[in-house]
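User: Please take a close look at one part of this model for me, step by step, and then place that part within the chain. I am in my first year, so please go slowly.

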Amino acid sequence: MKVFFFGFLFILFFVNVFASPIPILYGSEDFFKKDDPSFPIEDKKGKKDKIPIIWGGSSLTQEERIVNGFPMKVFILGGGAYIMHKSIKLSAREIEIIGEEALLGNLKGQVVVEDFQNGVTLTATKGIYDKMAGTVSLENQPVLTQKKEGKIVRIKCQSIVRNLEEAKTTLAGKVVVTSEEFQVFGEDAVFTEKDDRIDLKGEPFLFSENRFLIGQTLSYFVKEGSIQLDGDATIYQVSYENKKDKEKDTVTKERVLTLFSGKTLTHLNKGKETVTSMNGDAYMYRKNSEFKAELLESRKGNKEIKATGNVSYMDKENGYRMEGGLLFYDKERGYSYLTENPKIIFLNKKDLTERGQLTSVFIERFDERNETVARGDVQVETQSTKATGEFATYYEKKDELVLEGNPTLVRNTTKVSAGKIILYPKSDKALLTDGLKVIPNGEKK
């Protein structure tokens, strides 16, 4: 027999529960789906449930139903219906509660889950509350919103399962994460509020201002705003950089497209400083240059770059390639430093074929002057010449290499020394000045 109560009703239950798992129900159309042939029987002698449940609403209908072969009390709450799971509030236009101890709840229409402690709110049109599992399952385009420490993150997807005890949310089907800085698109995601971390799988991709990122998995740390992208990580970036015209003495903005790829991309926010690094087969491509290394790190908005491990930088415009174990570049100063077996390979500008090379202890480059300086045990090879010295300056625009510090040159078995040796690596020419001397075979200088 059905009994109807009208007005405000407030009910508090402290109950015993049976230890076996409870089948999860999937909505009002199939509310008593028999995923498990048995339904828990109330055990008064069992261990007391440690989760007190408060539920209520402005109207209540109570009825008896046979659920999986067992008679159960079903309460239908309306008008501001809610369930309190500890400090977490679940509300809806209507809630069907199974059993006096509210083991299961079917939430219908205007579903809102409020986790005040973690600053998280979930909304949907339909949901299932499972007290034993400590979860709420939401369907029909649910939305998760987190407001924490001044930052707002909003996640949309097709279905959500939230673990109320662990503050952990599993999101499935066309996940979209939106923050003030960017948007992330993926297929599946896990949001762990205690770690402040969102993990996305299924080749997610990220949009931000003038930037697009893609990889196999992506982790976003909400509080820091940091990102880790694993598995063939790739960045496509558009920037506008100053281009100087020395002849006209003017500066114009040039649109530059950069492709940046590798195995793992990490973007860290450390206060005002940001560090972006690509680890594992790092590769950066621009129209006039290519950059390769095992690890490539960028700081201060790409104004400082550090590359380590099999470093290779090719300047197509000026026709050379620099190689070594460690390279540091300061964009504001226009200064590069290359060490650990550094090398310059001179290239033909038209087809980028090799025309010669230079090795030394370390190499410096100055962008403003288009000059490269090599120091310590300098050795140069061209098509027909080998030369050595202690110090060398390469003037890129003129393809002129000035070798100093007791320089020597060997060509066609003839060895000579001079105060200064000028080489033109790409055209394979040499000019000797200041005290030319031929060194007989076998004689050391």
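Analyst: A residue is called buried when its relative accessible area is under 20%, and exposed when that area is over 50%. With this cut-off in hand, we can turn to E63, keeping in mind that the model is predicted. E63 has a relative accessible area of 12%, which is under 20%, and therefore E63 counts as buried. This residue belongs to strand β2, which covers residues 53-67. The side chain of E63 also has a partner, since a polar contact of 2.3 Å links it to the side chain of R65. As a general point, the side chains of a regular strand alternate between the two faces of the sheet.

From this residue we can step back to the chain as a whole. E63 is one of its buried residues, and of the 445 residues in the chain, 47% count as buried. The chain contains 34 strands and zero helices. When contacts between residues at least 6 apart in sequence are considered, 40% of them join residues that are at least 24 apart. The accessible surface of the chain is about 23300 Å², and carbon and sulfur atoms account for 51% of that area.

The buried side of the picture can be followed further through the nonpolar cores. The largest of these has 79 residues, among which W55, I155, I198 and L358 touch the most other members. Strand β4, made up of residues 88-98, gives the most to this core, namely five residues. There is also a second, separate core of six residues, and V67, M72, I76 and I98 are among its members.

For a view of how strands pair in this chain, strand β32 (residues 420-424) is a helpful example, as it can be followed to two partners. On one side of the account is strand β29 (residues 400-404), which runs antiparallel to β32 and is joined to it by three bridges; within this pair, L403 stands opposite I421. The other partner is strand β33 (residues 429-433), also antiparallel to β32, with five bridges between the two, and here K420 stands opposite T433. Strands β32 and β33 form a hairpin with four residues between them, and in its turn D428 has a positive phi of about 60 degrees.

Key:
Residues numbered from 1 in each chain as written. Predicted model: local features only at pLDDT ≥ 70, side-chain atom pairs only at ≥ 80, totals over all residues. Heavy atoms only, no water. Pairing = 2+ DSSP bridges. Buried < 20%, exposed > 50% of the residue type's maximum accessible area, 1.4 Å probe, protein only. Polar contact = N/O pair within 3.5 Å; in protein donor to acceptor, adjacent residues only side chain to side chain. Contact = heavy atoms within 4.5 Å. Areas by Shrake-Rupley, 256 points an atom, 1.4 Å probe, with all protein chains shown as cover. Core = buried A, V, L, I, M, F, W, Y, C linked by side-chain atoms within 4.5 Å.
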